[in-house]
Amino acid sequence: HELAHEWWGNSITCKTFAHFWLNEGLVQFLVSAYKGHKFGPEAYKKEIELAINRVKKAQDNGKGGPVAYKYNISEKDINHTMVYNKGALAFHKLKHKLGERVFWQALKHYSLTHKGGSVITQDLKTAFEHISNQDLTEFFEQWVYGEKVHKVVF
């Protein structure tokens, strides 16, 4: 997790706490992806299921919410369960929606385009739309700015 922050968190960082998921949700997802690559698909699935369970528990306790905000928030207002776990699930869903090849190409494009900079969620959306040639507005409204967690598939 911390090693991945050398790129996503240090080389590219979120502009404000409203977009903190671009550091933490992405890295949490990448941990799952790495485990899947290293140990097989079941390891990836186990990590995603762990994120699902954490988000469900938070929601059951009235602590659900979005992973990003369209307005500024302070550090104390970060919902860590949503940022880390629902954020990872949003990347998982985006990979499922776009397919492996397009997803990884889009992530590379986003990363190289914004290397050394500060980003907001719109920067990620724009990069993924550019590579996928898809309008991802509905996806981002549901998974990133929305309160609910929709069905997660593998």
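Lys-95 is buried in this predicted model, with a relative accessible area of just 12%, and that falls under the 20% cut-off. Even so, Lys-95 has a charged partner: a salt bridge joins it to Glu-100, and the closest N and O atoms are 3.0 Å apart. Glu-100 sits a bit further out, since its relative accessibility of 46% makes it partly exposed. Lys-95 also turns up on the contact list of Phe-29. With neighbours within four places in sequence left aside, that list also has Tyr-44, Ala-88, Phe-91, His-92, Phe-103 and Trp-104 on it.

Phe-29 leads straight to the inside of the protein. The largest nonpolar core holds 46 residues, and Phe-29 is among the members that touch the most others, along with Trp-8, Trp-21, Tyr-110 and Phe-128. Six helices chip in: helix 1, helix 2 (41-60), helix 3, helix 4, helix 5 and helix 6 (137-143) each supply at least two residues of this core. Helix 3 gives the most, with 8 residues. As a rule of thumb, nonpolar side chains in soluble globular proteins tend to be buried together.

Tyr-44 has another neighbour worth a look. Ser-32, in helix 1, touches Tyr-44, Glu-47 and Ile-48, not counting residues up to four places away in sequence. Ser-32 counts as buried because its relative accessible area is only 3%, against a cut-off of 20%.

Helix 4 comes next. This helix covers residues 100-113, and its 14 residues should span 20 Å at 1.5 Å a residue; the end C-alpha atoms are indeed 20 Å apart, so the two figures agree. Buried along helix 4 are Val-102, Phe-103, Ala-106, Leu-107, Tyr-110 and Ser-111. Looking down the axis of helix 4, these buried residues fall within an arc of 165 degrees, so they line one face of the helix. Arg-101, Lys-108 and Leu-112, on the other side of helix 4, are exposed. As for what the buried residues of helix 4 pack against, the partners are helix 1 (21-39), helix 3 (80-98), strand 2 (118-119) and helix 5 (121-132).

Back to charges: the structure holds 6 salt bridges. Side chains of opposite charge can pair when their charged atoms come close. One of these bridges links Glu-141 to Lys-70, with the closest N and O atoms 2.6 Å apart. Glu-141 belongs to helix 6 while Lys-70 sits in the loop between helix 2 and helix 3, so this pair ties together parts that are 71 residues apart in sequence. Lys-70 is exposed, at a relative accessible area of 59%, whereas Glu-141 is partly exposed at 35%.

A more local pairing shows up in helix 5, where Lys-125 and Glu-129 lie 4 residues apart, about one turn of the helix. Their salt bridge brings the closest N and O atoms to 2.8 Å. Lys-125 counts as buried at 10% relative accessibility, and Glu-129 is buried too, with a relative accessible area of 18%.

How confident is the predictor in all this? The protein chain averages a pLDDT of 93, and 98% of the residues score at least 70. Among the elements of the chain, helix 5 has the highest mean pLDDT, at 98, and strand 1 (residues 13-14) the lowest, at 94.

Conventions: Residues are numbered from 1 along each chain as its sequence is written. This is a predicted model: local features need pLDDT of at least 70, side-chain atom pairs count only at pLDDT 80 or more; totals for chains, interfaces and linings use all residues. Side-chain values use heavy atoms; hydrogens and water are left out. The expected span of a helix is 1.5 Å times one less than its number of residues. Buried means under 20% relative accessible area, exposed over 50%, partly exposed in between (1.4 Å probe, protein chains only). The arc is that of the directions from the helix axis to the C-beta atoms. Contact means heavy atoms within 4.5 Å. A nonpolar core is a set of buried Ala, Val, Leu, Ile, Met, Phe, Trp, Tyr and Cys residues joined through side-chain atoms within 4.5 Å. A salt bridge is a side-chain nitrogen of Lys or Arg within 4 Å of a carboxyl oxygen of Asp or Glu. pLDDT is the predictor's confidence in each residue, from 0 to 100.
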